[in-house]
Amino acid sequence: LGGKFDTVMMRITDIFLSFPSLVLALAFSAALGPGIENAVIAIAFTVWPPVARLVRAETLTFRQSDFVVAAELQGAGTLRIITGHIMPMCLSSVIVRITLDMAGIILTAAGLGFLGLGAQPPLAEWGAMISSGRQYLLTHWWVATIPGIAILLVSLAFNLLGDALRDILDPRSGQQ
């Protein structure tokens, strides 16, 4: 939309980006209380700012494109241009960004679970498993190690998925 709306939204985004995401997630989760729903809300509050920056940059790129100008000349409204022309163009970048950020999201969720701010028993959560297994680390090391390996493997899988999606969805990597 541009104008004052854009300025206000980017300043709010800057405020969220000025704090480390784990610290911000800890603050939100501590304020909301322990529980899986509150942990998801806290993580969502920390994940959106980089995605918002990416979408804004892509939108500013596409804003002056020929297809947007043609849609405006045909009488398309702002909502129609945003939902029908700009959002589909930004979708691939957002998908790639989120899959690449999933490793950090998983680590944040595990950190909240480790500190007791994530999923509460009897729900299984990797951070909580590591936390409960640390007292047995010298005698039964696998109790804490196996959830840590699961975090590592799932994070690696999301990074590889993000790289593959970037290769597939990047319009600049087409056939020469």
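**Contacts, aromatic pairs and the largest pocket**

A polar atom in the side chain of Ser29 lies 3.3 Å from the backbone oxygen of Leu117. Ser29 belongs to helix H2, which spans residues 21-32. The relative accessibility of Ser29 is 0%, so Ser29 counts as buried. These values, like the others in this section, come from a predicted model.

The confidence of the prediction was examined for the protein chain. The mean pLDDT of the chain is 88, and 97% of its residues reach 70 or more. Confidence is lowest in H4, with a mean of 86, and highest in helix H7 (residues 142-169), with a mean of 92. Where pLDDT is low, predicted coordinates should not be read in detail.

A second contact between a side chain and a backbone oxygen involves Thr46. This residue, Thr46, is part of helix H3, and the Thr46 side chain reaches the backbone oxygen of Ile43 at 2.8 Å. Thr46 has a relative accessibility of 10%, which is under the 20% cut-off, and therefore counts as buried.

Aromatic side chains were considered next. A pair of aromatic rings is described by two quantities, the distance of the centres and the angle of the planes. The model contains five aromatic pairs. In one of them, Phe62 and Phe67 are tilted with respect to each other, with 6.3 Å from centre to centre and 50 degrees between the planes. The angle counts as tilted because it is neither under 30 degrees nor over 60. Phe62 counts as buried because its relative accessibility is 14%. Phe67, at 34% relative accessibility, counts as partly exposed.

Trp141 and Trp142 form another pair, with an edge-to-face arrangement. Their ring centres are 5.7 Å apart and the planes meet at 85 degrees. The angle is over 60 degrees, and the pair therefore counts as edge-to-face. The relative accessibility of Trp141 is 48%, so Trp141 counts as partly exposed. Trp142 has a value of 42% and is likewise partly exposed. Ring pairs also join Phe16, Phe28, Phe45 and Trp48 into a cluster.

The largest pocket has a volume of about 790 Å³. Its lining consists of 27 residues. Leu1, Gly2, Val55, Thr59 and Ile82 are the lining residues that lie nearest the centre of the pocket. Several helices contribute to the lining: helix H1 (3-17), helix H3 (36-62), helix H4 (66-73) and H5 each supply at least two residues. H5 gives the most, with eight residues. By residue type, the lining is made up of 18 nonpolar, five polar and four charged residues.

Two residues of helix H4 were examined individually. Ala70 is located in helix H4 and has a relative accessibility of 34%, so Ala70 counts as partly exposed. The C-alpha atom of Ala70 is separated by 25 Å from that of Lys4, a residue 66 positions away along the chain. Leu73 is also found in helix H4. At 73% relative accessibility, Leu73 is over the 50% cut-off and therefore counts as exposed. Between the C-alpha atoms of Leu73 and Ala150 the separation is 53 Å, and these two residues are 77 residues apart along the chain.

The loop between helix H5 (78-114) and helix H6 (126-133) contains Pro122. The peptide bond leading from Pro121 to Pro122 is cis, with omega near 15 degrees. In helix H6, which follows this loop, lies Ile130. The relative accessibility of Ile130 is 21%; this is not under 20%, so Ile130 counts as partly exposed and not as buried. Ile130 and Leu115 are 15 residues apart along the chain, and 10 Å separates their C-alpha atoms.

Notes. Residues numbered from 1 in each chain as written. Predicted model: local features only at pLDDT ≥ 70, side-chain atom pairs only at ≥ 80, totals over all residues. Heavy atoms only, no water. Phe/Tyr/Trp six-rings, centres within 6.5 Å; stacked < 30°, edge-to-face > 60°. Buried < 20%, exposed > 50% of the residue type's maximum accessible area, 1.4 Å probe, protein only. Helix = DSSP H or I, 4+ residues; strand = E, 2+ residues; numbered from the N terminus. 1 Å grid on protein atoms, 1.4 Å probe; cavity = no way out; pocket = protein on both sides within 12 Å on 5 of 7 lines; lining within 4 Å. Points joined across faces, edges and corners; volume = space filled by probe spheres on them. Nonpolar A, V, L, I, M, F, W, Y, C, P; charged D, E, K, R; others polar. pLDDT = per-residue confidence, 0-100. Polar contact = N/O pair within 3.5 Å; in protein donor to acceptor, adjacent residues only side chain to side chain.
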